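The following exercises ask the reader to work through a single protein chain, from its overall fold to one charged residue. Please examine the sequence and the model before turning to the solutions.

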Amino acid sequence: MAGNSTYYGLGWQVSQDAKGRKFFGHVGNGVGGYANFFVYPKEQVVFSILINCTDPKIQEDLGAVIDSILSAK
């Protein structure tokens, strides 16, 4: 990768949200199921959601919910 960020390491997403808060996690889906798991270490908060749907297209809404919760802290 020549020193370029990939935002992915050992199966974990390593990134920051739109407000610059660092998190790591994993998103995955299979036939009939979807899972999202984010850890915000500085805030000491974990978000996890499991849905009985292969591709629920909820990432934008989930980001808004996470931001709302973290902004209220």
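Helices (H or I, at least four residues) and strands (E, at least two) are DSSP runs, numbered from the N terminus. The model is predicted: local features need pLDDT of at least 70, side-chain atom pairs count only at pLDDT 80 or more, and totals for chains, interfaces and linings use all residues. Residues are numbered from 1 along each chain as its sequence is written, and side-chain values use heavy atoms, with hydrogens and water left out.

**Exercise 1.** Determine the pattern of secondary structure that the protein chain follows along the sequence.

*Solution.* Begin with the inventory: the protein chain has one helix and five strands. Next, place these elements in sequence order, which gives β-β-β-β-β-α. Finally, consider the extent: the C-alpha atoms fill a box of roughly 35 × 35 × 20 Å along the principal axes.

**Exercise 2.** State what percentage of the residues of the protein chain count as buried.

*Solution.* Apply the cut-off for buried, under 20% relative accessible area (1.4 Å probe, protein chains only). Of the 73 residues, 23% meet this criterion.

**Exercise 3.** Describe the surroundings of Glu-43.

*Solution.* First, locate Glu-43 in the loop between β4 (33–40) and β5 (45–51). Second, list its contacts (heavy atoms within 4.5 Å): beyond neighbours within four places in sequence, Glu-43 touches Arg-21, Lys-22, Leu-70 and Lys-73.

**Exercise 4.** Which side chain of opposite charge is nearest to Glu-43, and how far away is it?

*Solution.* Lys and Arg count as positive and Asp and Glu as negative, while His and the chain ends are not counted. The nearest side chain of opposite charge is Arg-21, 4.8 Å away. A salt bridge requires a side-chain nitrogen of Lys or Arg within 4 Å of a carboxyl oxygen of Asp or Glu. Glu-43 is buried yet has no salt bridge.

Terms used. Buried means under 20% relative accessible area, exposed over 50%, partly exposed in between (1.4 Å probe, protein chains only).
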